[in-house]
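Trainee: Hi! Could you walk me through this structure before I get lost in it?
Mentor: Happy to, so let's put it on the screen.

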Amino acid sequence: MLEATNISHTFSESTPFSRQVLNGVGLKLAPGEVVLLTGPSGSGKTTLARILAGLVRPAQGTVRFNGEDLYRSNGRRFATIDRVVLASQYPERQFFANTVWDELSWGLRVGFGMERSEVSRRLRRISEDIAFPLAQLADRSPRSLSSGQQRKAALVSLLALEPQVLILDEPLAGLNARERRRVVSLLHHWNRGDRSMLVIAHELELFLGWVGRVAVMGAGRLTFCGSPTELCQSADPAVRQTASLPPLVELSYYLQQCGFSKGPVSLDRATVRQQLEEALAQLSPDIS
């Protein structure tokens, strides 16, 4: 389990530019669970992700992985390379190798001391799953790739590590509609056994159907944490606005609130279409 308790963090503390980005945030990620983290830009999502991955030490609060604090009493972080990994929102800032092959294989070769044959097997399997043309791009500089290819490359390198917890910061940015669906399908199938995943995204319609919980952040605080159904049904206007729920969900919610639909708020197109048809049928006598 990955657990953050009472996390607070301030940028440029004790300076005129001081800004608190997190204020008393708590979040648990159980084995095998997928949590979707959403909220407006600047709400603290990326900072929380970096803290959970052990890349930034919080000013206050603790982060524990399987009961062990990420930071020892001497302030040093214990190694989590094969347990908790973060796919950055800007993968090009992570690249350091001269070729795509060296970049993607570094963690397996240097971190795990893995034989080249096993490295090739893992990278080839993940690349095929995600439709990343590794064979054609292996000798290219990772910085020469398109933004979509860079995000896929970063994802391949992390999935190949087979971590216990995968944290993804806007993994669909820079991808077209077809690539987004493929990446979401891969992530959905990757989550099995005790593998856990925290996904930061604004494309809620691609995740609400299969994630276990949704956490919504606003102004450095966790304003909502519950199931997708509970979020869709929430009557709190601040939560609904902060979460930026899909138009289809908002239409279903509106029909329910106006008394045109007695069914639950839904993300399913067929269900919402039926709700809309029922609403129009109720209105038709008045219209005529």
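Mentor: One term to begin with: two strands pair if DSSP finds at least two bridges between them. Keep in mind too that this is a predicted model.

Trainee: Okay, so where can I see a pairing like that?
Mentor: Try S4 and S5, which run antiparallel and are joined by two bridges. In that pair, Phe65 stands opposite Glu68 in S5.

Trainee: What sheet do S4 and S5 belong to?
Mentor: They are part of an open sheet of four strands, ordered S2-S1-S4-S5, with antiparallel pairing. Strand S2 (19-29) and strand S5 (68-69) each have a single partner strand, so they stand at the edges with one side lacking a neighbour in the sheet.

Trainee: Does anything interesting sit in S4? Which strand holds Val63, for instance?
Mentor: Val63 is found in strand S4, which covers residues 60-65.

Trainee: Is Val63 buried or exposed?
Mentor: Buried: its relative accessible area is 3%, and the cut-off for buried is under 20%.

Trainee: And what does Val63 touch?
Mentor: Leaving out residues up to four places away in sequence, the contacts of Val63 include Leu2, Ala4, Ile7, Ile51, Leu52 and Leu70. Glu3, Glu68 and Asp69 are also among them.

Trainee: How far is Val63 from Thr271?
Mentor: Along the sequence they are 208 residues apart, and in space their C-alpha atoms are 41 Å apart.

Trainee: Let's zoom out. How many helices and strands are there in the chain?
Mentor: The chain has ten helices and ten strands. Its C-alpha atoms fill a box of roughly 75 × 50 × 40 Å along the principal axes.

Trainee: How much of the chain is buried?
Mentor: Of the 288 residues, 47% are buried. As for the outside, the chain exposes about 14,400 Å², with carbon and sulfur atoms supplying 49% of that area.

Trainee: What about contacts between residues that are distant in sequence?
Mentor: Take the contacts between residues at least 6 apart in sequence: 60% of these join residues at least 24 apart.

Trainee: Back to sheets, then. What is the order of the six-strand one?
Mentor: That open sheet is ordered S6-S7-S8-S3-S9-S10, and its pairing is mixed. At its edges stand strand S6 (84-87) and strand S10 (221-226); each has a single partner strand, so one side of each is left without a neighbour in the sheet. On average, neighbouring strands here are turned by 15° against each other, ignoring direction.

Trainee: What's on either side of S3?
Mentor: The order puts S3 between S8 and S9. S3 (residues 34-38) runs parallel to S9 (residues 213-218), and four bridges join them. Val35 has Arg213 as its bridge partner in S9, while Thr38 stands opposite Val216. S3 and S8 are also parallel, joined by four bridges, and there Val34 has Met197 as its bridge partner.

Trainee: How well covered is S3?
Mentor: Five of its five residues are buried. Val34, Leu36 and Thr38 lie on one side, Val35 and Leu37 on the other, and both faces are covered.

Trainee: Do the helices come into this as well? What does H1 lie across?
Mentor: Helix H1 (residues 45-52) lies across S3, S6, S7, S8 and S9, running at about 155° to S8. H1 also lies across S1, S2 and S4, at about 55° to S2.

Trainee: Nice. Now helix against helix: how do H5 and H6 cross?
Mentor: Helix H5 (residues 147-159) and helix H6 (residues 177-190) cross at roughly 10°, and their axes come within 13 Å. They are therefore roughly parallel to each other. Lys152, Leu155 and Leu159 of H5 make the contact with Glu179, Val183, Leu186, Leu187 and Trp190 of H6. By class, those residues are six nonpolar, no polar and two charged.

Trainee: And how does H3 pack against H6?
Mentor: Helix H3 (residues 116-130) packs against H6 at an angle of about 130°, with the axes 9 Å apart. That makes H3 oblique to H6. Here Glu128, Asp129 and Ile130 in H3 meet Arg182, Val183 and Leu186 in H6, giving three nonpolar, no polar and three charged residues.

Technical notes
Residues are numbered from 1 along each chain as its sequence is written. This is a predicted model: local features need pLDDT of at least 70, side-chain atom pairs count only at pLDDT 80 or more; totals for chains, interfaces and linings use all residues. Side-chain values use heavy atoms; hydrogens and water are left out. Axes are lines fitted to C-alpha atoms, for helices over the stretch in contact, and angles run from 0 to 180 degrees between N-to-C directions. Contact means heavy atoms within 4.5 Å. Angles under 35 degrees count as roughly parallel, over 145 as roughly antiparallel, 65 to 115 as roughly perpendicular and the rest as oblique. Ala, Val, Leu, Ile, Met, Phe, Trp, Tyr, Cys and Pro count as nonpolar, Asp, Glu, Lys and Arg as charged, and the others, Gly among them, as polar. Buried means under 20% relative accessible area, exposed over 50%, partly exposed in between (1.4 Å probe, protein chains only). Accessible areas come from the Shrake-Rupley method with a 1.4 Å probe; for residues, only the protein chains shown count as cover.
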